[in-house]
Structures are given as structure tokens and as C-alpha cells.
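Me: Can you walk me through the charged pairs in this one? Short answers, please.

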Amino acid sequence: MSEFELRDPIHKRITFNAFEKSVIDHPFFQRLRFIGQLGFLQSYVYPGGVHNRFEHCLGAMHVAGRLFGRFVTSSRIPRERLEKEEIQALGQIVRMAGMLHDIGHGPFSHASEIAFPNFNELPLDWSWWKHKPEKRRAVHEDYSVLLIQTLADEDVLDRDFAQDVASLIHAGVKPSHFFENLMDRIPSLHKVLKGLISGEVDCDRMDYLLRDGYYCGVAYGQYDLDWLISSMGVTEQDGELIFTLTENGVRAFEDFLLARYHMIDQVYFHKTKAGFTHYLERAILEKEITLQIPTDPYEYSDLRDGAVIEMMFEAAKKEQNYWCQHLMERIPAKRILRLQKDDPNDQKTLDKLIKLCEKNDINYFTHSADNALTKLGEMREGHQPIYVSKRVLGGIEYVPMFEYSDLLNTYNEKIRFTDFFVLREDMEDFERWVEKSIR
């Protein structure tokens, strides 16, 4: 039963219970108030884009709860095979996974991951994991598991509950015995619920598209959330649960995909954000600022955007600290071209630009996007496809979404490009050499 509520510009009213409030009030989660949702898009490009991971995670929790409710009511399977108390426990796990899915983000989110330590250096409970620790750079999802594990160490979360939450957030974490027992009755239960947290139509995307579009003041991220959720369902096919969408919900799904397509193309890969993110990465790598990402969860939770901003302001006072100085004075690099990866002519142009710059000591960098709009066309292990419930004579036929939607096929392979930048100070030389090469 919900005991608390807050007002939200996207979902209007978000309710939560006392248990969820105890996690919301924890310093680990409160820290997300000071981690911006959009990194250098925030203020530098869209002055209204001042929202943070805290409100996004609350929105994702709310949407996760709605998606789980639809999962339960759209099919008799969970109600016939699970006890009422088990369904309630699963609902709480799903909502908590929605809330905590981004808890591990560092300062400026993905930009700071370049300074993350190796994954195998994190003090994780390896009994939770499917495989032995790998020697690779850690990512924010690894830190999410570390902080969730620490919440269990503090008895804020029950240990099995925490492991199940982590297993919905991170592909490397296995579910607890509680979840495995439920999977004896519904073998694909974990995969389906994981799809609500990290899938093709998940609580994360459903919230951030609407929220980012709203705060940035753009119309790209809009779609009909209510209609999309009401059109979703699950059914059983060949002994496995599958996600379904009604035929009259396909247009809402396509609007959702288009919203993501346009937000990626116009907002998330905005040239100014890409350039300034590169500046921050260089400032870290060249030691203009000393950003050390600790493996201790409590020390990590003390890292916030503001701490890095103050480091950059201080470093910018020294003339030799090029990257920080240009960041703080908002002097971006010049994007020369956006080149499509699937266009051979564009790739030849990119090669020519790189050779020209390297031959003439012109400072350049590139930023690449390689995002499929959706992975519904891929049939791979762990992938959760979506089927359209198509009415035919004599009943229902389940058609893979990728076959049903012409629009999905049209837009799916287009987000593959490389932006080519030249530092502002080198633009005069660059233009002169380009003019000579054209002659």
C-alpha cells in the first residue's frame, strides 16, 4: 500500500511505500540529485535541461510498477502459477530495480567512466555472479551492483532481495534461490521481468525520452505512454513467455521508436555535448584534473558533478590546461562533417580528413555513434523479442514485430555515423589546407 507521493512533471503523481522511502532517503540514492541526467547537454546546450538522475530513477520506478501491473493483468499465467504473496514480492523487486538501475552513475555519467578502475578490483560479492571476475574496465552498472550489495550489507535491503534486484539490472548477476524457485513454474520469468528494466520497451527508456524531451524543450521525445502500456501483454509460446503488443498498439510502439531515433540523432549526440565530453575525457587522461574513481562504495558515493566542476574551474586558471580552460569558457571544437558509416564515399572523406590533419599537424578528434534503433531483428541468447497479436480467421497469430512493422525496418539501421571535429584554434590552418587539397 502506498503511503507517500510526490508531484512529477512527467507522470504527475508518483507514489511509494515506506520501504521504498527508506531506500530513497539513503545517501546513496540522494546523491543522484547531484548527478545530471544529460551531462554536458545540461545548461551548455539546453538551458532548461537541469534535471537529474534522482528524478529519472523515481520516474523509472513508477513506470516499472505500471509495466509489472500490466504483466500480471494481461495474462492468467502469473496468477495461476504464482501465489499472491509471490506476485507482490516480484512487484517490489521490479519497482526497486527501476529505482536503482542508475544508482552507480559517476560524475557526468558516462564521461567519467574513462577513469573507472578494473571490474575485478571492485569489492563485490562474487557469489552473486554467473562468471569469475573479468579484467576489464568497470562501468556504471558494475557500481550499481556494488552499491546495491552495500545496501544489503547495511540491512537496508534483504540480501536475496538485493541480489534479485541486481540480477534485473546487470546481465552478469544471477537471481537468488527465491527467484529460481519461481522459475521452476515459469521458466522464462526472469528474462521477461528483466525486459521491463532493460529491454526494447523498458522503464528506463519510457521515462527518459519523455523527461529529457520535456526539460530540453524539444518535441522529439513524445509518444503515448498510456496507450503503449495498455497495448502490451504476455503470453506463452512453446513453453516460454513472450511479450506481445496488440495491433492497435503498434503505432504507439512506432512513435516510441521514432521518439528514440530523433532524440539520439538530435539531442543525445548533439555536436556540443560530444565535443565537451571529449574535452573532459582529455582533461582526465592528461591529468589536468585529478579524478580518481575509488573502489570503496562510500568514497564513490561522495563523488558528484559539483566536485568535478570545481576541479575544472580551478584547473582552468592555468593557461596550460587547455581542455579545462575551453570547457569552463565554453569554447567548443568545430564539427566539420557528420559522416555516415554505411556510406563508402563518406568513409573515403573521413580517411582524407584524417590524413590531411595528421600530415599538417592539425588537431582533430572524432566521435562515433553506432546505435541500432532496436535489436528486435536479432535472434540471440537472452534477447526478448516482441510479437504482434494479429487477429486472423479462427483466432490469434503472433507475428514478430520486426516482420510486422515496415517503419521499424526503415529506420533501424540509420544511427551509424562519425562526427569529425577540429579544434577551434586550428580552423584557419584546416580551411587553408582543405582549399589547397581541393585545387
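**Salt bridges and a histidine**

Reply: Start with R66. Its relative accessibility is 29%, so R66 counts as partly exposed. Bear in mind that this is a predicted model.

Me: Which residue does R66 form a salt bridge with?

Reply: D226. The closest N and O atoms of the two are 3.0 Å apart.

Me: Where do the two sit, and what does the pair tie together?

Reply: D226 is in helix α11, residues 225-231, and R66 is in helix α3, residues 53-73. The pair therefore ties together parts that are 160 residues apart in sequence.

Me: And D226, buried or exposed?

Reply: In between. D226 has 47% relative accessibility, so it counts as partly exposed. The cut-off for exposed is over 50%.

Me: Why would such side chains pair at all?

Reply: Side chains of opposite charge can pair when their charged atoms come close.

Me: OK. How many salt bridges are there?

Reply: The count is 26.

Me: Give me another. What does K191 pair with?

Reply: E240. Their closest N and O atoms are 3.2 Å apart. E240 lies in strand β4 (residues 240-246) and K191 in helix α9 (residues 189-197), so this salt bridge links parts 49 residues apart in sequence.

Me: How open are those two, E240 and K191?

Reply: E240 is partly exposed, at 35% relative accessible area. K191 is partly exposed too, at 27%.

Me: What about K21? Which residue does its side chain meet?

Reply: D25. Those side chains form a salt bridge, 2.7 Å from N to O. K21 is partly exposed at 28% relative accessibility, and D25 is partly exposed at 42%.

Me: Which residues are linked in a network of salt bridges?

Reply: D8, E55, D207 and R211 are linked that way.

Me: New topic. Where is H26?

Reply: In the loop between α1 (18-24) and α2 (27-30).

Me: Buried or exposed?

Reply: Buried. H26 has 10% relative accessibility, and buried means under 20%.

Me: What does the side chain of H26 make a polar contact with?

Reply: The side chain of E154, at 2.7 Å. A polar atom of the H26 side chain also lies 3.0 Å from the backbone nitrogen of F28.

Me: Leaving out residues up to four places away in sequence, what does H26 touch?

Reply: L151, E154 and V156. So E154 turns up twice, as a residue touched by H26 and as its polar partner.

Conventions:
Residues numbered from 1 in each chain as written. Predicted model: local features only at pLDDT ≥ 70, side-chain atom pairs only at ≥ 80, totals over all residues. Heavy atoms only, no water. Salt bridge = Lys/Arg side-chain N within 4 Å of Asp/Glu carboxyl O. Buried < 20%, exposed > 50% of the residue type's maximum accessible area, 1.4 Å probe, protein only. Helix = DSSP H or I, 4+ residues; strand = E, 2+ residues; numbered from the N terminus. Polar contact = N/O pair within 3.5 Å; in protein donor to acceptor, adjacent residues only side chain to side chain. Contact = heavy atoms within 4.5 Å.
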